[in-house]
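Me: Hi! Could you go through this one with me? I'll ask as I scroll.

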Amino acid sequence: MAVAGSWQPPRPCEVYRAEWELCRSVRHMLHHYYVHGERPDCRQWLRDLASCHEWEESRSPEAQRSLCESEQARVQAAQKHTLVWALRQGPPADWNLPLPQKDK
Amino acid sequence: MAAAPGGGGSGPAAGEPLLQRHDSGQGSPEPPAHGKPQPGFLSSLFTRDRSCPLMLLKTLETNPYVKLLLDAMKHSGCAVNEGRHFSCEDCDGNVSGGFDASTSQVVLCQNNIRSQAHMSRVVTHELIHAFDHCRAHVHWFTDVRHLACSEIRAASLSGDCSLVNEIFRLHFRLKRHHQTCVRDRAVLSILAVRNISREEAQKAVDDVFESCFNDREPFGRIPHTKMYAQYAHRDFQSRHRYYSNI
């Protein structure tokens, strides 16, 4: 987390609102059901939106803690599966090498 | 080469012959399979004002899926140069394109790409393979599980298995059908480039599905429509702020 005094919500409040509104839209409900076979749970986006507004209004430590915990949980959920492959330390060495000449 | 089964419309049926491009040489070398172009009269009318290079350029400049992938690849050290990393070619069979890891090049089958929307989807699909090649040691030719993983991701994240595209293919199931589509199209793509049995391909997909289906990089979500891709691109561009404040 950023140094106290320089911290800001991980996302602008308007982004939390946009994500909440997208989540609860009929279109997203259809997409989510198509992928997961169930309705989406959009409550956390609403909680985060409220925390974001609370932070903007009063710099509430509780709001900051709530947002950090929520986003850390999202990151952990995205990373919980072991990758099939090993990640590189740098790009492939031959990424920009000239193409081989084609035989005529 | 990782391949994209042809079609946002009917698509290839299981078992139809698909394009195989020249192998890297790590496995058994395969002769190039570029046949003579055989466009139908009607299709040539449809695409005569939409050349592959022009459609590619429009995709690269405007499509939010592709713009995010290009940014992510640049961030990983694999800046994409249109002239170097893309090639419009005529291909045999019904395949729409492929990624050749041996030359770091995306092949676009200009005789099988029917529209701007199709071009965008094929480019997205192949750039996902390129992105995986850029960020990870993908054993394309020696580990079918690695190939399966990239094909699962490409089928899931490119729009190949969107609800609309599946309806066009006359697949009308809804509940959790996206995952069925991803599994099926990943198997098709593997069979297009590997001389293995359907059972072997299916097993590879099943073995890695849980991990690879849930690997949503660089989107962070399944981009069901351009709006989702735009949101994902916004998040990617704001990642410094995000990770600095959690």
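Me: How many residue pairs are in polar contact between chain B and chain A?
Reply: The count is 23 residue pairs, both residues being at pLDDT 80 or more. A polar contact here is a pair of N or O atoms within 3.5 Å; within protein, one must be able to donate a hydrogen and the other to accept it, and residues adjacent in sequence count only if both atoms are side-chain atoms. By class, the side of chain B that touches chain A has 23 nonpolar, 21 polar and 17 charged residues. For those classes, Ala, Val, Leu, Ile, Met, Phe, Trp, Tyr, Cys and Pro count as nonpolar, Asp, Glu, Lys and Arg as charged, and the others, Gly among them, as polar.

Me: What are the ground rules on numbering and confidence?
Reply: This is a predicted model, where local features need pLDDT of at least 70 and side-chain atom pairs count only at pLDDT 80 or more, while totals for chains, interfaces and linings use all residues. Residues are numbered from 1 along each chain as its sequence is written, chains are lettered from A and ligands numbered from 1 in the order in which they are written, and side-chain values use heavy atoms, with hydrogens and water left out.

Me: Thanks! How many residues are in contact across the two chains?
Reply: Chain B has 61 residues in contact with 46 residues of chain A, contact meaning heavy atoms within 4.5 Å.

Me: And what area do they bury?
Reply: About 4500 Å² between them, with 59% of it on carbon and sulfur atoms. In chain B, the residues that lose the most area to chain A are Arg241(B), Asn245(B) and Ile246(B), together 16% of what that side buries. Buried area is the accessible area (1.4 Å probe) that two parts lose on being put together, summed over both.

Me: Which strands pair across the chains?
Reply: Strand S1 of chain A (residues 86-87) is joined by 2 bridges to strand S5 of chain B (residues 136-137), and the two run antiparallel. Ala86(A) has His137(B) as its bridge partner in S5(B). Two strands pair if DSSP finds at least two bridges between them; helices (H or I, at least four residues) and strands (E, at least two) are DSSP runs, numbered from the N terminus.

Me: On to charges. How many salt bridges are there?
Reply: Over all chains, 21 salt bridges are found, and the count between chain B and chain A is 3. The criterion is a side-chain nitrogen of Lys or Arg within 4 Å of a carboxyl oxygen of Asp or Glu.

Me: Show me some that cross over?
Reply: Glu19(A) bridges to Arg221(B), with the closest N and O atoms 2.6 Å apart. Asp235(B) and Arg11(A) also meet in a salt bridge, at 3.6 Å from N to O. That pair runs from helix H10 of chain B (residues 226-237) to the segment before helix H1 (13-23) of chain A.

Me: Is Arg11(A) buried or exposed?
Reply: Arg11(A) counts as buried at 10% relative accessibility, whereas Asp235(B) is partly exposed at 23%. Buried means under 20% relative accessible area, exposed over 50%, and partly exposed in between (1.4 Å probe, protein chains only).

Me: What about one inside chain B?
Reply: Try Arg121(B) and Asp160(B), whose closest N and O atoms are 2.6 Å apart. Arg121(B) lies in helix H5 (residues 116-135) and Asp160(B) in the loop between helix H6 (144-157) and helix H7 (163-168), so the pair ties together parts that are 39 residues apart in sequence. Both Arg121(B) and Asp160(B) are buried.

Me: And within chain A?
Reply: Glu69(A) forms a salt bridge with Arg65(A), again with N and O atoms 2.6 Å apart. Both lie in helix H4 of chain A (residues 61-78), 4 residues apart, about one turn of the helix.

Me: What does His31(A) touch?
Reply: Leaving out residues up to four places away in sequence, His31(A) touches His224(B), Thr225(B) and Tyr228(B). His31(A) sits in helix H2 (residues 26-36) of chain A and is buried, at 10% relative accessibility.

Me: Last topic: backbone oddities?
Reply: The peptide bond from Glu217(B) to Pro218(B) is cis, with omega near -5°. Ser104(B) has a positive phi of about 55° although it is not a glycine, and it is buried at 1% relative accessibility. Leu170(B) has a positive phi too, near 65°, but Leu170(B) is exposed, with a relative accessible area of 62%.
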